[in-house]
Amino acid sequence: GRGARGGGGGGGGGSKSPGGVSGGGAKKGPTHSLSTDGRGKGTTSMRSAATVRRLLMYKQKPTRDAKGKILKQDLQSKELPSTRIVPDRRWFGNTRVIGQKQLTEFRDEMANKSKDGYTVLIKQKKLPLSLLADPEKGRARRVNLLGTSPFTETFSASRRQKRPKLATDDLAAMAARATAEDAAYSEGTEAGAIQDRDLVRENDDGVRNEVKGSLFEKGQSKRIWGELYKVVDSSDVIVQVLDARDPMGTRCLHLEQHLKRDAMKRHKHVILLLNKVDLVPAWVTKRWLHTLSREYPTLAFHASVTNPFGKGALLSLLRQFSRLRMDKQNISVGFVGYPNVGKSSVINALRTKKVCVTAPIPGETKVWQYVNLTKRIFLIDCPGVVYHDTTDTDTDAVLKGVVRISNLEDAWEHIPDVVARVKPDYLRRAYKVQSWESPEDFLQQVARINGRLLKGGEPDLNTAAKTVLWDWQRGRIPFFAPPPPLPEHMRRGFANGGKAQLPEDAADAEVDAAQAFIDGAAMAAMKQVGRRMPAARGLFDEEDMR
């Protein structure tokens, strides 16, 4: 009886059907591969319900009548639209077509506008920059090598060997031609028709000049020029910092010409910044502002963290440019120029704290670095770069601040130019020397007054010369390059800049912003001319301070 009850209880609660499926309300598995039943969480099926529905969608076919007309189709509209694309030649060619006459006029207008420093270019990506330069006038077009020598005739098994085209037929004719070209080159260099800056010339006494030392080639390496081009490529506004004592001597005309020639960099805006205006009289700064503003917007600046001059004008100009380029998330402003002109000091003055390492010696900045001015304006500090293809002598490089004075072996060789450029009264006041007969005599007296003596009481001319050159670079010796005279129409007022060049589809806000930027650059310089500029008091006499 006990076994019967147990068997009955077991048979009532856990019996299985002959098919093997458990009874009593258990989930049934899918009956075939495209069945959605029994496919979910907790099942061992390989396909999910979503996969089965997707496969069923692929197998859907429309229901058609005997004539083939669609009666019903899932996932499609019952009334299919009958549309037709309008034929147009623009679908099969360029959407922007320009005639040859219009292209010539466009090139002429762009050539005139690109020379204007006050012209702002908007939406440069929509302009056909490749059409701005005429390939026939400039560099020759690229030769189609495959059209001249096909691949099958050059590298295949059936290649043809062509006889090289030589200008001469035999060795004697080649030697005669080389002699004639050598004679023409010699005559051209002597007459000045051929300019070869690498040619080593001999003096009148038959002695060649000494090879230029590596010390005077600082700022000309490939690495430094690579840093400059990285800053130029990354910047929207390029601020060229100049020394107010010698603006034309510290100006890199090669960089300005490079920006004008390159079609992809013509939209970059250039601003000239006259730094160290506290070392020259106020009238010299105003005269240089009038002169340089004819080409580019020019501002005067005194780099000081505590008491700067021109900071507000430069900041307002950069803010106007950031409003002008609202299509970009932020803009970058690159500071370039000669070594020791104060690029890092200008950035520190704009940030009102020391963010860049500065020193009164050239070559302190080694690599470029980003500095955050605002949320939308970034400043880029660049190492000082010296353009090598100039007529500057070693003395000019030293007086421009390109060379470190401590590394000079013969510093006394550069003192005659200092004595010739500076007024004697300023040298008497600075070094307590009453009179001298020659630059060497001047150095000997300076060495004895300062106690720079060698063994036996001989004056140390090299150390005394380094002291004078240090004072020259730090601005303790008054000096400035005389600015050019102003014409009559420039003396009556300040020359305003041109108008902005905008595309025809430019928005009104962009037109207003571009014109506001140009007017702001001109007004900032004009306000600085009328303001009282910082000047080195006690350095210059009444004649120079007129």
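**Reading the sheet, the cavity and a pocket**

Mentor: Val-333 stands opposite Leu-379 in S8, and we can start from this pair, bearing in mind that the model before us is predicted.

Trainee: How many bridges join strand S6 to S8, and do they run parallel or antiparallel?

Mentor: Strand S6 covers residues 331-337, and 5 bridges join it to S8, with the two strands running parallel. Leu-379 also has a partner in S7, for it is the bridge partner of Val-371. S7 and S8 pair in the antiparallel sense, over 4 bridges, and a hairpin of 4 residues leads from S7 to S8.

Trainee: In what order do the 6 strands of the open sheet lie?

Mentor: The order is S5-S4-S3-S6-S8-S7, and the pairing is mixed. The edges are taken by strand S5 (298-300) and strand S7 (369-372), each of which pairs on one side only. Neighbouring strands of the sheet are turned against each other by 25° on average, with direction ignored.

Trainee: Which strands show a parallel pairing with 7 bridges?

Mentor: Those are strand S3 (residues 237-243) and strand S4 (residues 269-275), which run parallel and are joined by 7 bridges. Within S4, Asn-275 is the residue that stands opposite Asp-243.

Trainee: What happens to the side chains along a regular strand?

Mentor: The general idea is that in a regular strand they alternate between the two faces of the sheet. For the case here, turn to burial: strand S8 (residues 377-381) has 4 buried residues out of 5, so it is largely enclosed by the rest of the structure.

Trainee: How do I read burial for a single residue; is Asp-471, for instance, buried or exposed?

Mentor: The cut-off for buried is under 20% relative accessible area. Asp-471 has a relative accessible area of 12%, so it counts as buried. Asp-471 has its place in helix H15 (residues 461-473), and, leaving aside residues up to four places away in sequence, it touches Tyr-431, Arg-476 and Ile-477. For the protein chain as a whole, 35% of the 546 residues count as buried.

Trainee: How many helices and strands does the protein chain have, and what share of its contacts comes from residues 24 or more positions apart?

Mentor: The secondary structure comes to 17 helices and 8 strands. Of the contacts with a separation of 6 or more, 67% are between residues 24 or more positions apart.

Trainee: Which residues line the largest cavity?

Mentor: A search of the whole structure finds 1 cavity of 30 Å³ or more, and the space in the largest cavity is about 50 Å³. Its lining consists of Leu-228, Gln-240, Cys-252, Leu-255, Val-336, Gly-337 and Val-385. By class, this lining has 5 nonpolar and 2 polar residues, with no charged ones.

Trainee: What is the volume of the second largest pocket, and which residues are closest to its centre?

Mentor: The second largest pocket has a volume of about 900 Å³. Out of 44 lining residues, the closest to its centre are Pro-339, Asn-340, Ala-359, Ile-361 and Pro-362. Helix H6 (222-234) and helix H10 (343-351) are the elements that give two or more residues to this lining, and H10 gives the most, with 4 residues.

Trainee: How many nonpolar, polar and charged residues does the lining of the second largest pocket have?

Mentor: That lining has 16 nonpolar, 16 polar and 12 charged residues, whereas the lining of the largest cavity has no charged residues.

How values were computed: Residues numbered from 1 in each chain as written. Predicted model: local features only at pLDDT ≥ 70, side-chain atom pairs only at ≥ 80, totals over all residues. Heavy atoms only, no water. 1 Å grid on protein atoms, 1.4 Å probe; cavity = no way out; pocket = protein on both sides within 12 Å on 5 of 7 lines; lining within 4 Å. Points joined across faces, edges and corners; volume = space filled by probe spheres on them. Nonpolar A, V, L, I, M, F, W, Y, C, P; charged D, E, K, R; others polar. Pairing = 2+ DSSP bridges. Axes fitted to C-alpha atoms, helices over the stretch in contact; angles between N-to-C directions. Buried < 20%, exposed > 50% of the residue type's maximum accessible area, 1.4 Å probe, protein only. Contact = heavy atoms within 4.5 Å.
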